[in-house]
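This report describes the interior of one protein chain: its pocket, its cavity and its nonpolar cores. Please consult the sequence and structure below while reading.

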Amino acid sequence: MKPNKEVKEWYMEYKIHKNRPGLLGDIASLMGMLDINIVAINGVEDRTRGMILQTSDEEKIELMGRMLKKVDNITINAFRTPKLVDRLAVRHGRYIERDSDDHKTFRFVRDELGLLVDFLGEIFKRDGNHVVGLRGMPRVGKTESIIAGSVCSNKRWTFVSSTLLRQTVRSQLSEDELSPNNVFIIDGIVSTIRSNEKHHDLLQTIMAMPSTKVIEHPDIFIRESSYTYDDFDYFIELRTTPDEEINYENITYSVDPF
């Protein structure tokens with residue numbers, strides 16, 4: 001009796017040059033004959049289609065890829081193990097904008113809050129240490145997006161420093177709040193410029209934990225602390241409009257520690 005092979009997933013993306021009737025049906029039929037399952041499918045950007053595929057036979061995937069490269073009406077753009085951005089592209093029908101020079105940086109505008117929340121939720125579901133920097137001007141939706149992402153990932157969120165309800169910093173947390181399963185929300189300006197020594201000690205404890213930390217205003221946090229760009233796994237930029245400039249010249253906080 002042959003042992004069961006592990007079922008794996010692939011992301012396939014192709015550009016349509018001529019969208020003739022029956023094109024998708026022909027591609028789907030080929031996959032069906034090869035016993036390759038289509039888990040998800042959607043149009044991605046202009047005349048591009050993305051699919052999440054699943055099979056236990058990697059040779060069949062490779063064979064299908066070679067065959068589709070011979071189809072004149074399409075060009076295969078991607079054939080790989082699905083990344084987070086691939087799954088979200090199929091789910092939402094568009095790619096997240098990514099900095100061409102800094103692959104850690106992803107850009108969103110306020111109209112894309114649903115996509116941002118989904119992106120954050122997928123990051124928050126992962127175990128272990130993840131540090132996310134979130135750039136954006138006041139009242140653009142940064143904190144609300146973090147909370148919504150926590151809800152999507154079924155995680156509890158804990159404010160370490162914040163200006164959402166009142167301008168405060170924490171000097172201690174309860175045992176429940178210090179759980180590594182929580183999402184810790186840190187205001188980079190409040191925690192580094194407008195805080196006290198007890199808060200700094202708490203901050204170091206949290207940063208060393210194998211947990212998810214989201215730091216608003218990460219550039220100020222890096223500038224005013226011992227942490228560096230390399231300590232971050234992702235940077236997210238949220239703007240009201242695509243051309244909005246993110247700067248900190250007029251942002252000042254007075255803080256009431258507790």
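## Pocket, cavity and cores

Helix H5, residues 142-152, contributes three residues to the lining of the largest pocket, the most of any element. The model is a predicted one. The volume of this pocket is about 220 Å³. Its lining comprises 13 residues, of which Pro138, Arg139, Lys142, Thr143 and Thr163 lie closest to the centre. By class, that lining contains five charged, four polar and four nonpolar residues.

The search of the whole structure for cavities of 30 Å³ or more returns one. The largest cavity holds about 40 Å³ of space. It is lined by Thr143, Phe159, Ser161, Ser162, Thr163, Leu164, Ile185, Ile186, Asp187 and Glu216. Two elements, strand S9 (161-162) and S11, each give two or more residues to this lining. Strand S11 provides the largest share, three residues. The two linings are set out by class below.

| Space | Volume | Nonpolar | Polar | Charged |
|---|---|---|---|---|
| Largest pocket | about 220 Å³ | four residues | four residues | five residues |
| Largest cavity | about 40 Å³ | four residues | four residues | two residues |

Thr143 has a place in both linings: it is among the residues closest to the centre of the pocket, and it also lines the cavity. Thr163 likewise appears in the pocket lining and in the cavity lining.

Which residues of H5 are buried? They are Lys142, Thr143, Ser145, Ile146, Ile147, Gly149 and Ser150. The buried residues of this helix pack against H4, S7, strand S8 (157-159), S11, strand S12 (212-216) and S13. After H5 comes Asn154, which has a positive phi, near 60 degrees.

One of the elements packed against H5 is H4, and Leu113 belongs to that helix, which spans residues 113-124. Is Leu113 buried, partly exposed or exposed? Leu113 is classed as partly exposed because its relative accessibility is 23%, whereas a buried residue must be under 20%. Beyond residues up to four places away in sequence, Leu113 touches Ser145 and Leu238. Between Leu113 and Lys142 there are 9.4 Å from C-alpha to C-alpha, with a separation of 29 residues in sequence.

In soluble globular proteins, nonpolar side chains tend to be buried together. Here the largest nonpolar core consists of 23 residues, and Ile96, Phe108, Phe119 and Ile236 have the most contacts inside it. At least two residues of this core come from each of helix H3 (84-92), strand S6 (105-109), H4, strand S7 (130-135), H5, strand S11 (183-187) and strand S13 (234-239). Helix H4 supplies the largest share, six residues. Apart from neighbours within four places in sequence, Ile96 contacts Val85, Leu88, Phe106, Arg107, Phe108, Leu115 and Phe119. A second core, separate from this one, has 17 residues, including Leu23, Ile36, Ile61 and Leu68.

As to confidence, the chain has an average pLDDT of 89, and 94% of its residues score at least 70. In residues 253-258 the pLDDT falls below 50, and this stretch makes 24 contacts in the model beyond near neighbours in sequence.

Terms used
Residues are numbered from 1 along each chain as its sequence is written. This is a predicted model: local features need pLDDT of at least 70, side-chain atom pairs count only at pLDDT 80 or more; totals for chains, interfaces and linings use all residues. Side-chain values use heavy atoms; hydrogens and water are left out. On a 1 Å grid over the protein atoms alone, a cavity is a set of points where a 1.4 Å probe fits but cannot get out, and a pocket is an open set with protein on both sides within 12 Å along at least five of seven lines; lining residues have an atom within 4 Å of a point. Grid points are joined across faces, edges and corners, and a volume is the space filled by probe spheres set on the points. Helices (H or I, at least four residues) and strands (E, at least two) are DSSP runs, numbered from the N terminus. Ala, Val, Leu, Ile, Met, Phe, Trp, Tyr, Cys and Pro count as nonpolar, Asp, Glu, Lys and Arg as charged, and the others, Gly among them, as polar. pLDDT is the predictor's confidence in each residue, from 0 to 100. Contact means heavy atoms within 4.5 Å. Buried means under 20% relative accessible area, exposed over 50%, partly exposed in between (1.4 Å probe, protein chains only). A nonpolar core is a set of buried Ala, Val, Leu, Ile, Met, Phe, Trp, Tyr and Cys residues joined through side-chain atoms within 4.5 Å.
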